[in-house]
Amino acid sequence: PEIEQYGIAAFNAKCKESVSRYVEEWTRLSERIAFWADYENPYVTYSNDYIETCWWIFKQMWDHGLVYQDYRVTPHCPRCGTSLSDHEVSLGYQDDTPDPSVFVKFRVPDESLFKRGHPRGMAFGNKLHLVAWTTTPWTLPGNTALAVKEDAEYGAYRVGDEVLVMAQSLAPHVLGEGATPLMAIPAAMLIGLEYEPLYRPELLGHEFGWFDGDGRLQMTKIGTPGAPETDGRRKVVAADYVSLEDGSGIVHIAPAFGAEDFAEGKHFGLLFMQPVDLRGIMAEGLPGAGKFAKQADRDVERDLEERGLMLKKSTIKHTYPFCWRCTTPLLYYAKPSWYIRTTKQKESLLEGNSRINWYPEHIKSGRFGNWL
């Protein structure tokens with residue numbers, strides 16, 4: 001919006017002026033280090049000839065079926081409206097950044113246990129809760145799964161009139177001395193278990209998605225022909241990255257807000273909820289609506305406390321990435337973009353590389369070969 005207000009033509013002129021500022025220095029340095037190039041007729045990326053050539057190349061790839069649109073989670077700056085490269089992200093990390101540390105309760109109805117074939121003697125009066133830890137409460141409206149570690153031992157603990165489930169090794173630290181151990185629960189008994197969602201953005205009219213047979217994300221709304229049913233239940237899955245070093249041993253998964261979460265969503269065919277827009281603003285009808293995601297944390301916490309779903313909370317200080325340009329907190333955000341299906345040409349690219357006479361020779365299978 002600031003660029004549009006300034007004027008696109010004026011902005012482009014300033015960019016060209018900036019690009020041209022160091023041409024002489026670049027040429028002098030390039031010649032000095034013996035970099036071979038056509039200095040009389042250099043390619044200039046903002047020239048029409050260069051741009052039209054790029055579009056021509058792009059059309060050839062389109063005509064060969066190599067161009068497609070898909071979603072990917074990237075470090076996104078909601079103020080600049082851009083994704084950042086790994087190099088750019090590394091420029092903006094800040095240590096000792098304070099963030100919430102919350103343990104949230106996800107209710108498992110007795111009928112869900114019976115549906116999974118667990119004996120009716122395991123009924124808990126609908127007081128059974130899975131406990132997950134997160135430092136990003138604003139992502140909880142996008143939760144569609146919980147992850148456990150497949151080879152870990154979990155336990156059920158009575159706290160007041162509720163039964164809480166978490167990793168046995170972490171329970172003493174999280175629950176303290178007031179909890180009564182009831183039973184050990186292998187992870188296998190939890191995998192596939194359905195639980196009640198904390199929030200259902202799809203019922204508020206917001207878009208949601210699902211992954212088709214090709215692993216592609218399809219977005220829709222409730223009531224749209226062909227849209228899958230969302231019965232309000234989310235499920236427990238297995239993930240090898242679940243840590244038993246901190247937290248509860250149960251990880252909250254929001255496929256819209258994390259690369260690993262997105263991969264789990266694609267692998268298990270999870271629902272995809274994205275109740276935060278590209279500006280980082282929480283959607284209407286949810287706690288913190290209209291606020292920036294990180295500022296909505298307190299609203300989400302307050303809502304969960306009022307509903308009796310907050311076990312405990314505190315503040316944690318850790319390293320967090322900020323935009324190196326404007327110092328806005330980055331959001332790991334799934335958004336659509338265009339991609340070139342390079343994998344379709346992988347074998348021919350490798351074969352072509354094998355026929356190149358490389359100096360030094362180790363580049364063939366080393367730096368360039370690894371890149372291919």
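**Sheets, cores and helices of the predicted chain**

An open sheet of three strands, arranged in the order 2-1-16, shows antiparallel pairing, where strands are taken to pair if DSSP finds at least two bridges between them. Its edge strands are strand 2 (82–83) and strand 16 (331–340), each of which pairs on one side only. Strand 1 (residues 67–77) and strand 16 run antiparallel and are joined by ten bridges, and Gln69 stands opposite Trp338 in strand 16. The structure is a predicted model, in which local features need pLDDT of at least 70 and side-chain atom pairs count only at pLDDT 80 or more, whereas totals for chains, interfaces and linings use all residues. Residues are numbered from 1 along each chain as its sequence is written, and side-chain values use heavy atoms, with hydrogens and water left out.

The protein chain contains twelve helices and 16 strands; these are DSSP runs numbered from the N terminus, helices being H or I of at least four residues and strands E of at least two. Its C-alpha atoms fill a box of roughly 85 × 50 × 45 Å, taken along the principal axes. Of the 372 residues of the protein chain, 42% count as buried, a class defined by under 20% relative accessible area, with exposed meaning over 50% and partly exposed lying in between (1.4 Å probe, protein chains only). Among contacts (heavy atoms within 4.5 Å) between residues at least 6 apart in sequence, 71% join residues at least 24 apart.

A second pattern of pairing involves an open sheet of three strands in the order 11-10-14, again with antiparallel pairing. Strand 11 (217–220) and strand 14 (272–273) are its edge strands, each pairing on one side only. Strand 10 (residues 208–211) is joined to strand 14 by two bridges in the antiparallel sense, and Phe208 stands opposite Met273 in strand 14. Strand 12 (residues 234–238) is mostly covered, since four of its five residues are buried. Strand 5 (residues 145–148) pairs with strand 12 in the parallel sense over four bridges, with Ala147 opposite Val237, whereas strand 9 (residues 194–195) runs antiparallel to strand 12 and is joined to it by two bridges, with Tyr195 standing opposite Arg234.In soluble globular proteins, nonpolar side chains tend to be buried together. The largest nonpolar core, a set of buried Ala, Val, Leu, Ile, Met, Phe, Trp, Tyr and Cys residues joined through side-chain atoms within 4.5 Å, has 62 residues, and those with the most contacts inside it are Phe106, Leu130, Tyr154, Leu190 and Leu304. When neighbours within four places in sequence are left aside, Leu304 is in contact with Val104, Leu140, Leu198, Tyr199, Leu309 and Met310. Apart from the largest core lies another, of nine residues, among them Tyr157, Leu164, Ala171 and Ala179.

Leu304 also belongs to helix 10, whose buried residues are Ala293, Lys294, Ala296, Asp297, Asp299, Val300, Glu301, Asp303 and Leu304. What covers these residues includes strand 3, strand 15 (310–321) and strand 16. The 14 residues of helix 10 (residues 293–306) should span 20 Å at 1.5 Å a residue, and the end C-alpha atoms are 20 Å apart, in agreement with that value; the expected span is 1.5 Å times one less than the number of residues. Just after helix 10, Gly308 takes a positive phi of about 70°.

In helix 9 (residues 259–268), the buried residues are Asp261, Phe262, Glu264 and Gly265. Seen down the helix axis, these buried residues fall within an arc of 160°, so they line one face of helix 9, the arc being that of the directions from the helix axis to the C-beta atoms. On the other side of helix 9, Ala259 and His267 are exposed. Helix 9 is followed by Gly269, whose phi is positive, near 65°.

Two individual residues illustrate buried and exposed settings. Ser101, found in strand 3 (residues 93–108), is buried, with a relative accessible area of 7%. The side chain of Ser101 makes a polar contact with the side chain of Trp133 (2.7 Å), a polar contact being a pair of N or O atoms within 3.5 Å of which, within protein, one must be able to donate a hydrogen and the other to accept it, and for which residues adjacent in sequence count only if both atoms are side-chain atoms. Leaving aside neighbours within four places in sequence, Ser101 is in contact with Trp133, Thr134, Lys312, Lys313, Ser314, Thr315 and Ile316. Trp36, by contrast, is placed in the loop between helix 3 (23–32) and helix 4 (48–63) and counts as exposed at 83% relative accessibility. The C-alpha atoms of Trp36 and Met282, which are 246 residues apart along the chain, are separated by 52 Å.
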